[in-house]
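Student: I am new to this structure and would like a close look at a single part of it. Could you take me slowly through the strands and what surrounds them?

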Amino acid sequence: MKMFYSNESHFLVNNVKNIIEAQDIKVFIKNEFAQGAIGEISAFDSWPELWVFDDSDFDHAVEIVKSSQAVIQAVDWTCKNCSETNDASFEICWNCQRGNS
Ligand SMILES: [Zn+2]
């Protein structure tokens, strides 16, 4: 098993997971529920990670992530707090300043 993608945004990680799975590659998310954990874990360590089950899928998965990066990052997101739509380049809601997670 190999980790091929990590991002602080669960939204993006799930997006990538869907894209990869659409190519019949088996993947899983590590640290999916680690965010919000208090204590010794640093913010970076608790980023959700995407892993391939089969190492032979690794190159293919990386390839797909690279080719879809532009698409992934161009996706608007909806604030869970106030339901405003935010541009993909915004990390916090322009309306209520809540983070995108
Ligand atoms: Zn908001």
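Tutor: What follows looks at strand 3 and its surroundings, and then turns briefly to the zinc site. Please keep in mind that this is a predicted model, in which the protein chain averages a pLDDT of 85 and 83% of the residues score at least 70. Strand 3 is a good place to begin, since among the elements of the protein chain it has the highest mean pLDDT, 96, whereas helix 2 has the lowest, 83.

Strand 3 has two pairing partners. With strand 1 it pairs in the antiparallel sense over 4 bridges, and to strand 2, which also runs antiparallel to it, it is joined by 4 bridges. One residue lets you see both pairings: E49 in strand 3 stands opposite S6, and E49 also has K30 opposite it.

If you now look at the two faces of strand 3, you will find both of them covered, because E49 and W51 on one side and L50 and V52 on the other are all buried, that is, under 20% relative accessible area. Strand 2 presents another picture, for its side chains alternate: V27 and I29 point to one face and are buried, while F28 and K30 point to the other face and are not.

From V27 you can step into the interior. Leaving aside residues up to four places away in sequence, V27 touches F4, K17, I20, E21, L50, W51, V52 and F53. V27 is also one of the residues that touch the most other members of the largest nonpolar core, which has 15 residues; the others in that group are F4, Y5, V16, I20, L50 and V52. The elements that give two or more residues to this core are strand 1 (2-6), helix 1 (10-21), strand 2 (27-30), strand 3 (49-52) and helix 2 (58-73). In soluble globular proteins, nonpolar side chains tend to be buried together.

Further along the chain is the zinc ion, whose protein donors are the SG atoms of C79, C82, C93 and C96, lying 2.2 to 2.4 Å from it. The arrangement is tetrahedral because the 4 donor atoms subtend angles of 104 to 116° around the zinc ion. In sequence, the donor residues follow the spacing C-x2-C-x10-C-x2-C. C79, in the loop between strand 4 (77-78) and strand 5 (85-86), and C93, in the segment after strand 5, form a pair that links distant parts of the chain, 14 residues apart. C79 is buried, with a relative accessible area of 3%, and C93 is buried as well, with a value of 0%.

Conventions:
Residues numbered from 1 in each chain as written. Predicted model: local features only at pLDDT ≥ 70, side-chain atom pairs only at ≥ 80, totals over all residues. Heavy atoms only, no water. Core = buried A, V, L, I, M, F, W, Y, C linked by side-chain atoms within 4.5 Å. Buried < 20%, exposed > 50% of the residue type's maximum accessible area, 1.4 Å probe, protein only. Contact = heavy atoms within 4.5 Å. Donors = N, O, S within 2.8 Å, 3.2 Å for Na, K, Ca; no water. Tetrahedral: all angles 85-135°; square planar, octahedral: opposite > 155°, others 65-115°. Pairing = 2+ DSSP bridges. pLDDT = per-residue confidence, 0-100.
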